[in-house]
Structure formats: structure tokens, C-alpha cells
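Got your viewer open? Let's take a walk through this one together, a selection at a time.

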Amino acid sequence: MSHRKFTLTLIALASLQLLGFTMLARADYGVESRRPLSDSQKAKIENRAVGTWRATLDGKQYYLHAGTGNIVGKSDWMELVLVHPGEKPSFYLHHKIGFVSVIGQQSYFNVANLSVLMTQLRGSKPEELAAAVERYDILKYEVNGDTMNIWAADQKFVKAAIEAGKIKGHGATIEDSTENLIRFIESSPPALWGNKFTYTRVK
């Protein structure tokens, strides 16, 4: 594997339930938000997560790769690739980009859902990249040596909070300021975060 090392981090959780996939593992999306947890133009590479990771979910192996390639120009965003090996139709490869936010002592990943094809963003400026994001899926994670734990969000919890007026949004998608998003995540009980997934580094 070249300079573009990849990681089994957070993209899986943002995509496991899409109908087009044959992945049968349980997973939820992250906290869906129109805004990220921090300024995307000040993003920094999360070196602890760079590499290849493996998870066994429902008895099946999945690989997630996070890399530092420059497919999106000069921004320090990370490329995320989820791979389910095997023969078609079970084989697939899913590619996204995102960046890390650190709030207090806790790390989160903002996985971007883009309005254009990723190939259209090659060589783009940071502001052009940010403008192409329709929504972020925010996931909580911790890296401890060769183990990475990732938490998906409980969509029912987020939807109930929106309906109760605790934060602005529609359905289960938050449409509030970054400041209010941070306040909501920090003040929410552990119930905000649903399933925990544990991944092991591939050496």
C-alpha cells in the first residue's frame, strides 16, 4: 500500500444501511448535521487513525482504510474507503472524505455527503470543498494503540431532541449553528450514541 494509507474508521457507520449494499451488519448513521463540529478549512490529518483496520460484524470481515491522499486538493481532509472483499455481488468499495474535530478531550469525525462527484473536486480549494458538502455524518471515536472504537448516533434520540426544541432541525437532521451543535452533543447523555463498533489495526 502506497502513501495513501487508508483506515477502517468512520465511513462504514455512515453507509452501512444504504439499500444498495449487501452489508448486513447492524449500524446507524452519525449525527446528521448541515454543519460540521469545527471549521473545515482548518482541518488537520488524524495520524493516529491513518492505516488499515479490520472489523468482524455479523461474522463477516470488513476493511476500512483512511488515507492522506490529495484527491481533494490542498485541504487536510482524509480519504475514507470501506471495502467488503469477496466475489461479486458481495464485493463492494465505498469511498468518502471527511475530517476530524476535537471538542475538549473527545474526537469526532465529520463524514461529508457531497453534492457532486468526488472526482470533480480534484485540486479544489478548501472553500470549494466545503461548499460542495450537503450534510455531515458526525461520529464519535477513540483510538487506543491498535484498537479503534467508533460510536454511531441514535437517530431516534436526535429526532426527539429536534421535536422537543432542544436544537433546530428537520426529521433527524440538525440545521443549527456549530456552537449549538457542540452544546447539544456535549450536554447530551450517553444515550445519544448508539452502537459501539471496535476495529483492530491491520499490520
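Start by selecting Phe 99 and Tyr 136: both are buried, meaning under 20% relative accessible area, where over 50% would be exposed and in between partly exposed (1.4 Å probe, protein chains only). Before you go on, keep in mind that this is a predicted model, in which local features need pLDDT of at least 70 and side-chain atom pairs count only at pLDDT 80 or more, while totals for chains, interfaces and linings use all residues. Residues are numbered from 1 along each chain as its sequence is written, and side-chain values use heavy atoms, with hydrogens and water left out.

There are four aromatic pairs in the structure; to count, ring centres of Phe, Tyr or Trp (its six-membered ring) must lie within 6.5 Å, and planes under 30 degrees apart are stacked, over 60 edge-to-face, and the rest tilted. Your first selection is one of them: Phe 99 and Tyr 136 sit edge-to-face, 6.0 Å centre to centre with 85 degrees between the planes. Phe 99 is in strand 5 and Tyr 136 in strand 7, so this pair ties together parts 37 residues apart in sequence. (Strands are DSSP E runs of at least two residues, helices H or I runs of at least four, numbered from the N terminus.) Add Trp 77 and you have one aromatic cluster of Trp 77, Phe 99 and Tyr 136.

Next, pick Phe 157 and Phe 184. Their ring centres are 6.4 Å apart and their planes at 40 degrees, so this pair is tilted. Phe 157 belongs to helix 3 and Phe 184 to helix 4, 27 residues apart. Phe 157 is partly exposed because its relative accessibility is 22%, whereas Phe 184, at 6%, counts as buried.

Now go to Asn 110, in strand 6. Buried or exposed, this Asn 110? Buried, because its relative accessibility is 0%. Its side chain makes a polar contact with the side chain of Ser 101 (2.8 Å). Show what else Asn 110 is in contact with (heavy atoms within 4.5 Å), leaving aside neighbours within four places in sequence, and you'll find residues including Pro 36, Leu 37, Phe 99 and Tyr 136.

Zoom out to the largest nonpolar core, a set of buried Ala, Val, Leu, Ile, Met, Phe, Trp, Tyr and Cys residues joined through side-chain atoms within 4.5 Å. Of its 28 residues, those touching the most other members are Val 31, Trp 77, Ile 138, Ile 174, Ile 185 and Trp 193. Apart from it is another core of 21 residues, Tyr 62 and Tyr 199 among them.

Technical notes
Polar contact = N/O pair within 3.5 Å; in protein donor to acceptor, adjacent residues only side chain to side chain.
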